[in-house]
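Q: Could you take me through one part of this model closely, side chain by side chain, and then show me what else is worth a look? I would like the cut-offs spelled out as you go.

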Amino acid sequence: MYTQSMSVPDEAGSRTVQPLPSTEPADRMARFDACIDADGRIEPQDWMPEAYRKTLVRQISQHAHSEIVGMLPEGNWISRAPSLKRKAILIAKVQDEGGHGLYLYSAAETLGTSRDQMVQALHEGKAKYSSIFNYPTLTWADVGVVGWLVDGAAIMNQIPLCRCSYGPYARAMVRVCKEESFHQRQGYESLLVMMRGTQAQRDMVQDAVNRWWWKCLAMFGPPDADSPNSVQGMRWGIKRVSNDELRQQFVDATVPQAKVLGVTLPDPLLKWNEERGHHDYGPIDWDEFWHTVNGNGPCNKERLATRVKAHEDGAWVRQAALAHARKQEQRRMKEAA
Ligand SMILES: [Fe+2]
Ligand SMILES: [Fe+2]
């Protein structure tokens, strides 16, 4: 997963954090604040302000949706992977993403929202997921670049979430980050192999990098100045590092990797700034970002339709599992009687 959505509202027009309702009981509120100030963890059984709960449900469910929608662009390539080894790696990666979705839906359920409600919101187009998955994976090189850059950006974003103030989310992220690290490395390694191949393979890698670079920078979400939710998220210990700082970390980490790989990052303004101790980079096209977030990217409709169909096709499996559980329960009751 994947992150930009974390600071993006589900419904248009609600881009600011709602103030805390003044009716929250003062003593509980004081205990909650003290726990946050002491960098403690809030657990499901603890009292929490409604706005904190709502923010977490929105963020964790968007994150879960991003994991399962993120399976689609790469899943397209499983049957076309160039070797058995690459196919096995890709299957493992796509399966991991499904697992990340499961951990995250489970973490969100501890906040009192059912998985059915969350999935329904996704399928009705009311919930967001990371917009990066609304772009197509046109060639095999895209699979490598998605691993290197998209999963790489996800790791950058998710490592601070391992210290999130909400316990179940933080704990889920520890395992997710370990698996994301494998995703990033497999992508980079597959690109290294292609870059040592033919000119056509090198061109294919460069073309994929050109198409994904700017979209990956946008994954970190709007600039800090346009991201009012971030301030409250920081106060609550949900968000630890700002969008712009994470983006800068990503650029600084990726430039030397691109050099080793032998690809050019498609930004004429990208250069080391001695004074800042960071790389400068060019302006991001936020109009395109919002256009895609708001449902008009190249694959938004296709992704949602695929998800809905998969859910409907799997209905019999869910029904069978429930019927089996009911039978087991009846048998257990009979034996106990
Ligand atoms: Fe993931
Ligand atoms: Fe991943």
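A: Let's begin with E180, which lies in helix α7, residues 167-195; helices here are DSSP runs of H or I with at least four residues, strands are runs of E with at least two, and both are numbered from the N terminus. Before going on, please keep in mind that this is a predicted model, in which local features need pLDDT of at least 70 and side-chain atom pairs count only at pLDDT 80 or more, while totals for chains, interfaces and linings use all residues. Residues are numbered from 1 along each chain as its sequence is written, chains are lettered from A and ligands numbered from 1 in the order in which they are written, and side-chain values use heavy atoms, with hydrogens and water left out.

E180 counts as buried because its relative accessibility is 0% (buried is under 20% relative accessible area, exposed over 50%, partly exposed in between, with a 1.4 Å probe and protein chains only). Its side chain makes a polar contact of 3.1 Å with the side chain of H100. Such a contact is a pair of N or O atoms within 3.5 Å; within protein, one must be able to donate a hydrogen and the other to accept it, and residues adjacent in sequence count only if both atoms are side-chain atoms. For a sense of scale, the C-alpha atoms of E180 and N273 are separated by 30 Å, with their positions 93 residues apart along the chain.

For a second glutamate, turn to E124, in the loop between α5 and α6 (140-158). E124 has 44% relative accessibility and so counts as partly exposed. Its side chain and that of K126 are joined by a polar contact of 3.0 Å. Measuring C-alpha to C-alpha, E124 and V308 are 9.1 Å apart in space but 184 residues apart in sequence.

Now to the second largest pocket, whose volume is about 390 Å³. On a 1 Å grid over the protein atoms alone, a cavity is a set of points where a 1.4 Å probe fits but cannot get out, and a pocket is an open set with protein on both sides within 12 Å along at least five of seven lines; lining residues have an atom within 4 Å of a point. Of its 13 lining residues, the closest to the centre are R115, V119, R307, H311 and R318. Helices α4 (84-109), α5 (115-123) and α12 (300-313) each supply at least two residues of this lining, and α4 gives the most, with 5 residues. By class, the lining has 5 nonpolar, 4 polar and 4 charged residues.

The aromatic rings come next. Rings of Phe, Tyr and Trp (its six-membered ring) pair if their centres lie within 6.5 Å; planes under 30 degrees apart count as stacked, over 60 as edge-to-face and the rest as tilted. That rule gives 9 aromatic pairs. In one of them, F32 and W47 have ring centres 6.4 Å apart and planes at 85°, so the pair is edge-to-face. Because F32 lies in helix α1 (residues 26-37) and W47 in the loop between α1 and α2 (50-69), this pair ties together parts that are 15 residues apart in sequence. F32 is buried at 2% relative accessible area, whereas W47, at 23%, is partly exposed. F289 and W290 are also edge-to-face, because their ring centres are 5.1 Å apart and their planes at 75°; F289 is buried, with a relative accessible area of 5%. Ring pairs also link F32, W47, Y52 and W236 into a cluster.

The loop between α1 and α2 also holds D39, which has a positive phi of about 60° although it is not a glycine. D39 is partly exposed, at 45% relative accessible area.

Finally, G233 lies in helix α9, residues 228-235, and is buried at 8%. Its C-alpha atom is 9.3 Å from that of L56, 177 residues away along the chain.

Key. Points joined across faces, edges and corners; volume = space filled by probe spheres on them. Nonpolar A, V, L, I, M, F, W, Y, C, P; charged D, E, K, R; others polar.
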